[in-house]
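Please open the structure in a viewer and keep the sequence panel visible. The tour below proceeds by selection, one stop at a time.

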Amino acid sequence: CDVLDKAFFERKRVFVEGTQGTGLSLYHGQYPHVTSRDTTVAGCLSEAGISPSRVRRVVMVVRSYPIRVQDPSKSTSGPMSQELKWTEISRRSGVPLSELQKTEKTSTTNRKRRVGEFDWELLRKAASLNGPTDIALTFSDYISVANRNARRFDQLSEETIRFIEEVERVSGAPVSLISTRFESRSIIDRRAWYA
């Protein structure tokens, strides 16, 4: 806490990254398929010892297709709305199935991920609980592999632009950052502000 106090006193910028999705929140998730903590912005700030009045921006990360781990029958990650197969994501997007299978594994346990249709109700609930000022959309190439070549918003596929507009309408926040491929530098930055 002393490090943060010093940083705030010196008017430095502080970036705090939360973990896991709002749907896994101990208090707001679908019990028993939750994690051991509150994954909302309020929970993250509380654990870090930061007053909410110090927050300038809340960037909520949203995937084009939500994920969970393994099969709910093994009691590992819970139910999913409108579960899909990775073959369907490959068919829709044009991303090779072999690439999806390689990418979509958990980082620590190397377990396969499950995938589902975008959950609009979960987006609405997450936006209500977190109050985002901005949305960061990841995996836009899962909507269309052509998005991998986009460097500006207007170069995204029409379907992707319509999807983003609906995300903004439902969440009440602008989609300011859009990842176009699984690479840290492939981001379309639409922010009207800078860190």
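The stops that follow cover two sheets, a helix pair and several individual residues. The model is predicted.

**Stop 1: the four-stranded sheet**

Begin by displaying strands β1, β5, β6 and β7 as a cartoon. These four strands form an open sheet in the order β1-β5-β6-β7, and the pairing is mixed. The edges are taken by β1 (59-63) and β7 (187-189); each has a single partner strand, so one side of each is left without a neighbour in the sheet. With direction ignored, neighbouring strands of this sheet are turned by 20° against each other on average.

Next, select β1 together with β5. The two pair in the parallel sense, over five bridges. For a reference point in this pairing, label Met-60, which stands opposite Ile-135 in β5.

Move on to β5 and β6, whose pairing is also described by bridges: there are three, in the parallel sense. Here the residue to label is Ala-136, with Leu-177 of β6 opposite. Then isolate β6 (residues 175-179) and colour by accessibility. This strand is mostly covered, since four of its five residues are buried.

**Stop 2: Ser-140, after β5**

Follow the chain out of β5 (134-138) into the loop that leads to α6, where Ser-140 lies. Is Ser-140 buried or exposed? Its relative accessibility is 0%, and Ser-140 therefore counts as buried. To see what surrounds Ser-140, select its contacts beyond the neighbours within four places in sequence: Ser-64, Asn-147, Leu-156, Thr-160, Ile-178, Ser-179 and Thr-180.

**Stop 3: helices α5 and α6**

Now display helix α5 (residues 120-130) with helix α6 (residues 158-171). Their axes come within 9 Å and cross at roughly 45°. The two helices are therefore oblique to each other. The crossing of α5 and α6 is right-handed.

Show side chains for the residues that meet. On the α5 side these are Trp-120, Leu-123, Arg-124 and Ala-127; on the α6 side, Phe-163, Glu-166, Val-167, Val-170 and Ser-171. By class, the residues of this contact comprise six nonpolar, one polar and two charged. The spacing of side chains along a helix may help when orienting the view: an α-helix has 3.6 residues a turn, so residues three or four places apart point the same way.

**Stop 4: the three-stranded sheet**

Select β2, β4 and β3. Which order do the strands of this open sheet take? The order is β2-β4-β3, with antiparallel pairing. The edge strands, β2 (67-69) and β3 (83-84), each pair on one side only.

Take the β2 side of the sheet before the β3 side. Strand β4 (residues 113-116) runs antiparallel to β2, and three bridges join them. Two residue pairs are worth labelling here. Ile-67 has Val-115 of β4 as its bridge partner, while Arg-68 stands opposite Arg-114 in β4.

On the other side, β3 and β4 pair in the antiparallel sense over two bridges. Label Glu-83 in this pairing; its bridge partner in β4 is Gly-116.

**Stop 5: Ser-93 in helix α3**

Go to helix α3 (residues 86-93) and select Ser-93, which lies in this helix. Ser-93 has a relative accessibility of 5% and so counts as buried. Which residues does Ser-93 contact, leaving aside its neighbours within four places in sequence? They are Asp-141, Tyr-142, Ile-143, Ser-144 and Val-145. A distance monitor can be placed between the C-alpha atoms of Ser-93 and Ser-144: these residues are 51 apart in sequence and 4.3 Å apart in space.

**Stop 6: Thr-39 and helix α2**

Finish with the loop between α1 (2-9) and α2 (41-48), and select Thr-39 there. The relative accessible area of Thr-39 is 9%, and the residue is therefore buried. A second distance monitor, from the C-alpha of Thr-39 to that of Ser-81, gives a separation of 20 Å for residues 42 apart along the chain.

Continue into α2 and select Gly-43, Cys-44 and Leu-45, which are buried. The last residue to select is Gly-49, which follows α2 and has a positive phi, near 75°.

Technical notes. Residues are numbered from 1 along each chain as its sequence is written. This is a predicted model: local features need pLDDT of at least 70, side-chain atom pairs count only at pLDDT 80 or more; totals for chains, interfaces and linings use all residues. Side-chain values use heavy atoms; hydrogens and water are left out. Axes are lines fitted to C-alpha atoms, for helices over the stretch in contact, and angles run from 0 to 180 degrees between N-to-C directions. Angles under 35 degrees count as roughly parallel, over 145 as roughly antiparallel, 65 to 115 as roughly perpendicular and the rest as oblique. A crossing is left-handed if the near helix is turned anticlockwise from the far one by less than a right angle, and right-handed if clockwise. Contact means heavy atoms within 4.5 Å. Ala, Val, Leu, Ile, Met, Phe, Trp, Tyr, Cys and Pro count as nonpolar, Asp, Glu, Lys and Arg as charged, and the others, Gly among them, as polar. Two strands pair if DSSP finds at least two bridges between them. Buried means under 20% relative accessible area, exposed over 50%, partly exposed in between (1.4 Å probe, protein chains only).
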